[in-house]
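Biologist: I should like to understand the terms applied to this structure. May I ask for the reasoning behind each of them?

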Amino acid sequence: MINVSHLTKKYGRFTANNNMSFIVENGEIAVLAGPNGAGKSTAIKCIAGLLRFEGEIEICGFNNKSIEAKRLLGYVPEIPAPFELLTVWEHMEFIARAYKLENWQERAEMLIRRMELADKKNKMGKELSKGMQQKISICCALLIEPAAVLFDEPFVGLDPHAIKELKAMLSELRGKGTTIIISTHMLDSVEEFWDKLLIMMNGRIEAERERKAVEKSGENLEELFFMITEKNNGSAEEKDKGE
């Protein structure tokens, strides 16, 4: 479970996340959806423990900055940042050593194969395309078999096969009870497997929906998304004109 309570993140006078609260249960895929600049990536980084913030965040009952939480959490950043001088396989070994994993080689081989990196095992990070670097990030995050995992715009830069495999992996993780949060500005990329939708705008959660309730009501999420984002953009533009 991931429990976010009154998350507020400010950069000087600018508020990137404004009093956000939500819970993602075990075996649930939650989507942070919103346009660029809505505050999605900042929220993901706060949950991952990479930024200072106000409020409280727990990963499986542990404070998100504790060692216990970090052992349970996988994270795939928006911009991949592999070690330039480590090979694909050495990235796997680095993660295994850092997390003190045992008998990890078979799982590493499986992840590399599914991401079509088997023929790139001896290639260094700096020699790979952005899409392949993204695949390394995914493999590293999933090698530890996390209890909770964060994906920040995971489909950007991936080829069709990798997108298909990642979607299959997400479904498998959910089936194992893993807590998953995905940040994206493309609703169509997650439409077939989300459980909870959190629509963000200007650092706030403007709408929250459960899949079962939406299927029952027949609500059009795309219309809701654009109603929220366009309304808020319009208000911001009117405010700018007034000033």
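The exchange below takes up burial, salt bridges and backbone angles in turn.

Modeller: This is a predicted model, in which local features need pLDDT of at least 70 and side-chain atom pairs count only at pLDDT 80 or more, whereas totals for chains, interfaces and linings use all residues. Residues are numbered from 1 along each chain as its sequence is written, and side-chain values use heavy atoms, with hydrogens and water left out.

Biologist: Why is E28 called buried?

Modeller: Buried means under 20% relative accessible area, exposed over 50%, and partly exposed in between, with a 1.4 Å probe and protein chains only. E28 has a relative accessible area of 11%, and therefore counts as buried. K196, at 6% relative accessibility, is buried as well.

Biologist: What makes E28 and K196 a salt bridge?

Modeller: A salt bridge is a side-chain nitrogen of Lys or Arg within 4 Å of a carboxyl oxygen of Asp or Glu. The side chains of E28 and K196 meet at 3.7 Å, N to O. This pair links distant parts of the chain, 168 residues apart: E28 is in the loop between β2 (14–24) and β3 (29–33), and K196 is in strand β9. Helices (H or I, at least four residues) and strands (E, at least two) are DSSP runs, numbered from the N terminus.

Biologist: What does the salt bridge of E219 and R209 tie together?

Modeller: Their side chains meet at 2.8 Å, N to O. E219 lies in the loop between α7 (211–217) and α8 (221–242) and R209 in strand β10 (residues 204–210), so the pair ties together parts that are ten residues apart in sequence. E219 has a relative accessible area of 29% and is therefore partly exposed; R209, at 25%, is partly exposed too.

Biologist: Why is helix α1 described as largely enclosed?

Modeller: Seven of the eight residues of α1 (residues 40–47) are buried, so the rest of the structure largely encloses this helix. Among the buried residues are K40, A43 and I47.

Biologist: What makes the phi of E153 noteworthy?

Modeller: Most residues other than glycine have a negative phi. E153 is not a glycine, yet its phi is positive, near 50°. E153 lies in the loop between β7 (148–152) and α6 (160–175).

Biologist: E116 also has a positive phi, of about 55°. Is E116 buried, exposed or partly exposed?

Modeller: E116 has 42% relative accessibility, and so counts as partly exposed. By contrast, E153 is buried, because its relative accessible area is 5%.
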